[in-house]
Amino acid sequence: MAALSIDSLFDAAIRIQAEERSISLTFSDNSVRIKFPTTRRLAEFLNVPHYYILPYFAMMEEEELITRAERVGILTTAKGTEKMLALIHDQYAGEMEKILGPAIFGALTGKH
C-alpha cells in the first residue's frame with residue numbers, strides 16, 4: 001500500500017492526468033484552477049481504500065490547497081495550483097507539455 005500524504009495525492013493527481021492525457025483548467029478572477037481527480041479515482045489509482053483518502057482531503061481544504069464545489073468537483077485553489085504547477089514543472093514537464101501544448105504549458109509554468 002502506498003504511503004499517503006498531501007504531496008503523494010498531488011503527485012498521484014498529476015500521474016492520473018498524464019495517464020489519461022487530460023487536464024481540466026478553469027480560468028477566473030486572474031487565477032487558474034486545476035480540476036483534481038475524485039477521491040475514489042485517487043484511491044483506486046493508489047490501491048488504497050477510499051476512506052483512507054478522505055482525511056487528506058480535509059487537510060488539503062484546511063491548508064487552502066483545494067476546494068470542493070457541488071456539481072463542479074474538486075478544484076485547486078490559487079495556493080494548490082501553485083503547488084501542482086511546481087510539481088509538474090519539476091517532475092512531469094515532458095508529459096504535461098505534450099498534453100497542454102508548449103504555449104499553454106509555458107504560460108502556466110513559466111517555462112518558455
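**Close-up views of helix packing, salt bridges and loops**

**View A. Glu64, with a positive phi near 55°, comes after helix 3.** Helices here are DSSP runs of H or I with at least four residues, strands are E runs of at least two, and both are numbered from the N terminus. This is a predicted model, in which local features need pLDDT of at least 70 and side-chain atom pairs count only at pLDDT 80 or more, while totals for chains, interfaces and linings use all residues. Residues are numbered from 1 along each chain as its sequence is written, and side-chain values use heavy atoms, with hydrogens and water left out. Glu64 sits in the loop between helix 3 and strand 3, and its positive phi occurs in a residue other than glycine. With 54% relative accessibility, Glu64 counts as exposed, a class that needs over 50% relative accessible area; buried means under 20% and partly exposed lies in between (1.4 Å probe, protein chains only).

**View B. Two further positive phi values can be found at Arg21 and Asn47.** Arg21 belongs to the loop that joins helix 1 to strand 1 (25-28). Its phi is about 55°, although Arg21 is not a glycine. Arg21 is also exposed, at a relative accessible area of 52%. Asn47 comes just after helix 2, with a positive phi of about 60°.

**View C. The buried residues of helix 3 (residues 50-62) are Ile53, Phe57 and Met60.** Looking down the axis of helix 3, these buried residues fall within an arc of 55°, so they line one face of the helix; the arc is taken over the directions from the helix axis to the C-beta atoms. On the face turned away from that buried side, helix 3 carries the exposed residues Tyr51 and Glu62. The cover over the buried residues of helix 3 includes helix 1, strand 2 (31-36), helix 2, strand 3 (66-69) and strand 4 (73-76).

**View D. Helix 1 and helix 4 pack with their axes 10 Å apart, at an angle of about 65°.** The axes are lines fitted to C-alpha atoms, for helices over the stretch in contact, and the angles run from 0 to 180 degrees between N-to-C directions. The crossing of helix 1 with helix 4 is right-handed, meaning that the near helix is turned clockwise from the far one by less than a right angle; anticlockwise would be left-handed. Helix 1 brings Ile6, Asp7, Phe10, Asp11, Ala13, Ile14 and Gln17 to the contact, and helix 4 brings Gly80, Lys83, Met84, Leu87, Ile88 and Gln91. By class, this contact holds 7 nonpolar, 3 polar and 3 charged residues. Contact itself means heavy atoms within 4.5 Å. Nonpolar covers Ala, Val, Leu, Ile, Met, Phe, Trp, Tyr, Cys and Pro, charged covers Asp, Glu, Lys and Arg, and the others, Gly among them, are polar.

**View E. A salt bridge joins Lys83 to Asp7, with the closest N and O atoms 2.6 Å apart.** The two residues tie together distant parts of the chain, with Lys83 in helix 4 (residues 78-91) and Asp7 in helix 1 (residues 6-20), 76 residues apart. A salt bridge is counted when a side-chain nitrogen of Lys or Arg is within 4 Å of a carboxyl oxygen of Asp or Glu, and this rule gives 6 of them. Lys83 is partly exposed at 28% relative accessibility, and Asp7 is partly exposed at 48%.

**View F. Salt bridges link Glu19, Glu20, Arg41 and Glu44 in a network.** Arg41 pairs with Glu19, their closest N and O atoms being 3.4 Å apart. That pair connects helix 2 (residues 39-46), which holds Arg41, with helix 1, which holds Glu19, across 22 residues. Glu19 is exposed at 54% relative accessible area. Arg41 also meets Glu20 in a salt bridge, at 3.0 Å from N to O. Here too distant parts of the chain are linked, Glu20 of helix 1 being 21 residues from Arg41 of helix 2. Glu20 is partly exposed, at 44%. Arg41 itself is among the buried residues of helix 2, together with Thr39, Leu42, Ala43 and Leu46. What covers them includes helix 1, strand 2, helix 3 and strand 4.

**View G. Val32 is a residue of strand 2.** At 18% relative accessibility, Val32 counts as buried. Setting aside neighbours within four places in sequence, Val32 touches Leu25, Thr26, Phe27, Thr76, Thr81 and Leu108. The C-alpha atoms of Val32 and Gly80 are 9.9 Å apart, with their positions 48 residues apart along the chain.
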